[in-house]
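Visitor: Please take a close look at one helix of this chain and at what surrounds it. I would like the setting first and the details after.

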Amino acid sequence: MPRETYTASEAARALGISLDTLRRWDKAGRIEVARDRANRRVVAAAEIDRLRGDSAHISARNRFPGTVAEVKTDGLMAQVEIVVREPMRLVAVVTRDAVEELGLKPGMPATAIVKATNVMVSD
């Protein structure tokens, strides 16, 4: 039988974020948490599913799990480099807010999901 609630650290791990990020999300109202008898945060499985989004329709070939190699931020934008498999690397340009919300740091696992219909590279 699947569990209905998870500790804050288990929920953070399932969401791919740090415990500090989960606490910030709680404070900002981005995630719904409850408290157990010892006043510790607990997160419902349904809330974790909600935040993950429905990615079941995304094919496996569009997912690239790897490890964050580098994060460069400049102003409102950030560049995230993910090592998918040596020597293959994937670089994404995203907002600085997205990097902060996800708590992306070198060495942590991350999955790049490609939604583009065309990718063109030329020399």
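Guide: A residue is called buried when its relative accessible area is under 20%, exposed when that value is over 50%, and partly exposed in between. By that measure, buried residues make up 24% of the 123 residues in the chain. The model is a predicted one. Its accessible surface comes to about 9,100 Å², with carbon and sulfur atoms supplying 52% of that area. Of the contacts with a separation of 6 or more, 41% are between residues 24 or more positions apart.

The secondary structure consists of four helices and seven strands. Read from the N terminus, the order of elements is β-α-α-β-β-α-β-β-β-α-β.

The helix to look at is α1, residues 8-15. Its buried residues are Ala8, Ala11, Ala12 and Leu15. Viewed down the axis of α1, these buried residues fall within an arc of 100°, so they line one face of the helix. The general background is that an α-helix has 3.6 residues a turn, so residues three or four places apart point the same way. The buried residues of α1 pack against four elements: β1 (5-7), α2 (19-28), β3 (41-44) and α3 (45-52). After α1 comes glycine 16, which has a positive phi near 75°.

Two of those packing partners, β1 and β3, also pair with each other, in the antiparallel sense and over three bridges. One bridge can be named: tyrosine 6 has valine 43, in β3, as its partner. Both strands belong to an open sheet of three strands, ordered β1-β3-β2, with antiparallel pairing. The edge strands are β1 and β2 (34-35), each of which pairs on one side only. As a general point, strands of a sheet pair through backbone hydrogen bonds, either parallel or antiparallel.

Helix α1 spans residues 8-15, and glutamate 10 falls in that range but is not among the buried residues listed for the helix. Glutamate 10 is partly exposed, with a relative accessible area of 25%. Its salt-bridge partner is arginine 3, and the closest N and O atoms of the pair are 2.6 Å apart. Arginine 3 is partly exposed as well, at 42% relative accessible area.

The structure holds eight salt bridges, and two others can be set beside this one. Arginine 30 forms a salt bridge with glutamate 101, with 2.9 Å between the closest N and O atoms. Arginine 30 lies in the loop between α2 and β2, and glutamate 101 lies in helix α4 (residues 96-102), so the pair ties together parts that are 71 residues apart in sequence. Arginine 30 counts as partly exposed at 33% relative accessibility, and glutamate 101 counts as partly exposed at 34%. Aspartate 36 forms a salt bridge with arginine 40, the closest N and O atoms being 3.0 Å apart. Here aspartate 36 is partly exposed at 24% relative accessibility, while arginine 40 is exposed at 53%.

The surface also carries a nonpolar patch, formed by Leu76, Met77 and Val93, with about 340 Å² of accessible area together. Valine 93 is placed in strand β6 (residues 88-95). Its relative accessibility is 60%, so valine 93 counts as exposed.

Note on methods:
Residues are numbered from 1 along each chain as its sequence is written. This is a predicted model: local features need pLDDT of at least 70, side-chain atom pairs count only at pLDDT 80 or more; totals for chains, interfaces and linings use all residues. Side-chain values use heavy atoms; hydrogens and water are left out. Patches are made of residues with over 30% relative accessible area and no salt bridge: like charges are joined within 9 Å, nonpolar side chains (Val, Leu, Ile, Met, Phe, Trp, Tyr) within 5 Å. Accessible areas come from the Shrake-Rupley method with a 1.4 Å probe; for residues, only the protein chains shown count as cover. A salt bridge is a side-chain nitrogen of Lys or Arg within 4 Å of a carboxyl oxygen of Asp or Glu. Helices (H or I, at least four residues) and strands (E, at least two) are DSSP runs, numbered from the N terminus. Buried means under 20% relative accessible area, exposed over 50%, partly exposed in between (1.4 Å probe, protein chains only). The arc is that of the directions from the helix axis to the C-beta atoms. Contact means heavy atoms within 4.5 Å. Two strands pair if DSSP finds at least two bridges between them.
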